[in-house]
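Trainee: I would like a close look at the inside of this protein. Please start with the enclosed spaces and work on from there.

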Amino acid sequence: MKPTFASHLDAFGQWRADTEARLAALARFAREHDLLDEASGEWFEAMRRRLSGEKLMVAFVAEFSRGKSELINAIFFSDKGRRMMPASAGRTTMCPVELGYDADDPVGLSLLPIDTRLEAASLAEYRLQPAAWTWHPLNLADPDEMARALAEVMRTRLVSPEDAARLGFWDPERPDDNPPAAADGRVEVPVWRHARINLPHPLLKRGLVVLDTPGLNAIGTEPELTLGLLPQAHATVFILGADTGVTRSDLDIWRDHLSGPALARYVVLNKIDTLADPLSTPEQVREVIARQCSSVAQTLEIPSEHVFPISARQALAARLSDDVAGLHHSRIEAFEHALSEGLLPRRRDNLAQAAWGGAQQFQQQLGRRFGEMRRLYADQLNELRGLRGKSSGKVQLMIQRVQSEAGEFEQCTARLHAMRSIHARMLRSALQDLSSERLRQEVDVLHQVLGGSWLPLGARKAFIELCARLRALIEQAQQRNDEIHAMLVASFSRLNAEFGFSLVADVPLDVRRYTEDLNLIERNYVQYLGLSQAFRLAQPGFQEQFRRMLISRLRVVFETISNDIELWNKTASAQVDSQLRERRRNFKRRYESLDRIQSASNELDTRVQEVQAQDERVLQLQTRLATLMTQLVEVTDVAGGRPSVQQPEAAAVAVQPSVAAMEALSLDLNLSGPDAAVAPVGA
Ligand SMILES: Nc1nc2c(ncn2[C@@H]2O[C@H](COP(=O)(O)OP(=O)(O)OP(=O)(O)O)[C@@H](O)[C@H]2O)c(=O)[nH]1
Ligand SMILES: [Mg+2]
């Protein structure tokens, strides 16, 4: 029985693969015809990586024993024929467990020892140090053996209260939050800090990452969970037990750790099977469930349709035994459906918009280039036709004219050189305050302000100030890029007027939108600093981890902005380079054909045909580009209707393709290649 979520994810994966293939066809077409500039090549590569590699993280968060692991088993692993993730009464999952698949890593279970908490390095840094992890192979062919290996995530050991305190599991001042101590006073702590399971499961191969978390005690002690993983999850599933209702600690978790956007938050009321009562009718039981859901909704202040009553255990059992009626009773499918509906279309739209937007920009860029080429061919044809019946003296005059025009044109190089160096200087200045060095300095200011003693209120204030400074840096980068845009608009229009270029300064870049990402980080951290974290904030080791984590999250935002700015500017310069090259080539071609015409009287017609053929070739490229774009839009199916595909403009010059020209074309275009489906123009 294929789970609902799995089929939706399959369809999404297929969509990503199709879109990737269409984009690859577009890039291949451009590369084969020498139309791919460096900046566009980088964009295609980045988009390819996003489409094939972008992860989709779903995090399961709840107090212990609510059924997180069981629900993960039911949704994702029922195909294994048994319970994969350990699920049992009492505390089971002791450390956060991340399930995903990375083809570059070996299949297995990696465990990071809890003692790494005593070091300053953050979890993100440990991810880059395989040697810090203990590794167990997982035998895919043997689910029982695999389940035994996965039981490792349950392991605990007993330590003194002092050691437990150093690890963040014990606070003498908050006895209520401490785990129960053993008879000899020792405290049970997890052996592992974090577990990663690398498994070529079909869903994980499609980019799904599932995060299973232990209860509150562990969530609170691992800042990386609260500040890194959970806020970045694409969806969080919060689980309550129908047997327990909403408890005090459930509420704490909800308030402190599930502040993400409401759209991506799911609330599950699990274990509804425990509400079954032999003395009640099924209708009465349904009413009890409905009442519980609305009471949960009230407490959590969300609409009651957002609470999904399910039985994870029943669902798992039903899927393992192909029991359709049991699955229906578990009510898991309604939840899976909502999860897929809420998660996948939005991810798809984001990717579709990015793919389509970038491809369209590329198409416009090529469109301008084609237009420019065809304009030059049209001029050349006029020039050649004007020579019909003219004496060789006249041809000689034309040669001189071409030479002097080329000479005049070359004067633009000094101008271009000046523009390039101004551009480079302005670009450096736009990028300079986005470097990771600059970020580090800003974060260090926060630490200097706070000194070694972090009080929640002071830390919060200093953090808000830091974010304000960072927002100002983004704003400054935006303004500097706007200045570059204005400079390019002015320079391009002068170059166009004086030297006959047809340069267009692209629409200005918007990096201000990334302020939203910064705001999100700010909200998470401010909320975290406001939690009852005083005792943790006071620990120097924690502060260092906090600093590193913060820098690594901010770096992602600032690097994205830098990359966007660089790409935008590169695209603008690439246009100048390609037009310069095209113009020079054109002078050379004009000169050569006049030279040939002068030496042989029958050359004129041949030359006219050659230029016509070249123009035909561009027209054909235009048509092929439009076809590729139509194919892309067919698969991406961008939200908000089908975007219009730019069709090649009607031929700028009336060119009658001759048989010779068509033959030249097919040689030139290498039509036997992967793009052989091009219908010859005019055919
Ligand atoms: N009756 C009933 N029991 C369930 C259901 N779902 C889970 N359980 C049981 O509840 C116990 C706890 O489930 P787990 O999946 O281990 O809970 P958890 O949230 O992962 O707990 P920790 O790993 O300790 O944080 C197990 O014995 C499950 O079999 C359910 O729908 N109905
Ligand atoms: Mg568990």
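Mentor: The count comes to three cavities of 30 Å³ or more. The model is a predicted one: local features need pLDDT of at least 70, side-chain atom pairs count only at pLDDT 80 or more, and totals for chains, interfaces and linings use all residues. Residues are numbered from 1 along each chain as its sequence is written, chains are lettered from A and ligands numbered from 1 in the order in which they are written, and side-chain values use heavy atoms, with hydrogens and water left out.

Now the terms for spaces. On a 1 Å grid over the protein atoms alone, a cavity is a set of points where a 1.4 Å probe fits but cannot get out. A pocket is an open set with protein on both sides within 12 Å along at least five of seven lines. Lining residues have an atom within 4 Å of a point. Points are joined across faces, edges and corners, and the volume is the space filled by probe spheres set on them.

The largest cavity has a volume of about 120 Å³. Its lining includes Leu-35, Asp-37, Gln-365, Arg-368 and Gln-579. Helices H14 and H21 (540-599) each give two or more residues to that lining; helices (H or I, at least four residues) and strands (E, at least two) are DSSP runs, numbered from the N terminus. The lining divides into three nonpolar, four polar and three charged residues. Here Ala, Val, Leu, Ile, Met, Phe, Trp, Tyr, Cys and Pro count as nonpolar, Asp, Glu, Lys and Arg as charged, and the others, Gly among them, as polar.

H14 (residues 332-385) also carries Phe-362. The model has eleven aromatic pairs. The rings of Phe-44 and Phe-362 have centres 5.1 Å apart and planes at 90°, so they are edge-to-face. Phe-44 lies in helix H2 (residues 38-53), 318 residues from Phe-362. Rings of Phe, Tyr and Trp (its six-membered ring) pair if their centres lie within 6.5 Å; planes under 30 degrees apart are stacked, over 60 edge-to-face and the rest tilted. Trp-43 joins Phe-44 and Phe-362 in one aromatic cluster. Phe-44 is buried at 7% relative accessibility, and Phe-362 is buried at 3%. Buried means under 20% relative accessible area, exposed over 50%, partly exposed in between (1.4 Å probe, protein chains only).

Next, the second largest pocket. Its volume is about 640 Å³. It is lined by 40 residues, with Phe-64, Ser-65, Ser-88, Gly-90 and Thr-92 nearest its centre. H3, strand E6 (187-190), helix H8 (216-221) and helix H12 (312-320) each give two or more residues. The lining splits into 16 nonpolar, 13 polar and eleven charged. Phe-64 has a further partner: the charged end of Arg-91 sits over its ring, 4.2 Å from the centre. That label needs NZ of Lys or CZ of Arg within 6 Å of the ring centre and within 35 degrees of the ring normal.

H3 (residues 68-76) is mostly covered, with nine of its nine residues buried. Ser-69 is among them, at 7% relative accessible area. Ser-69 (OG) and Thr-93 (OG1) are the protein donors of the magnesium ion (ligand 2), lying 2.0 to 2.1 Å from it. Ser-69 lies in H3 and Thr-93 in the loop between H3 and strand E2 (97-100), so the pair ties together parts 24 residues apart in sequence. Donors are N, O and S atoms within 2.8 Å of the metal (3.2 Å for Na, K and Ca); water is not among the atoms, so sites may look incomplete. Thr-93 is buried too, at 10%.
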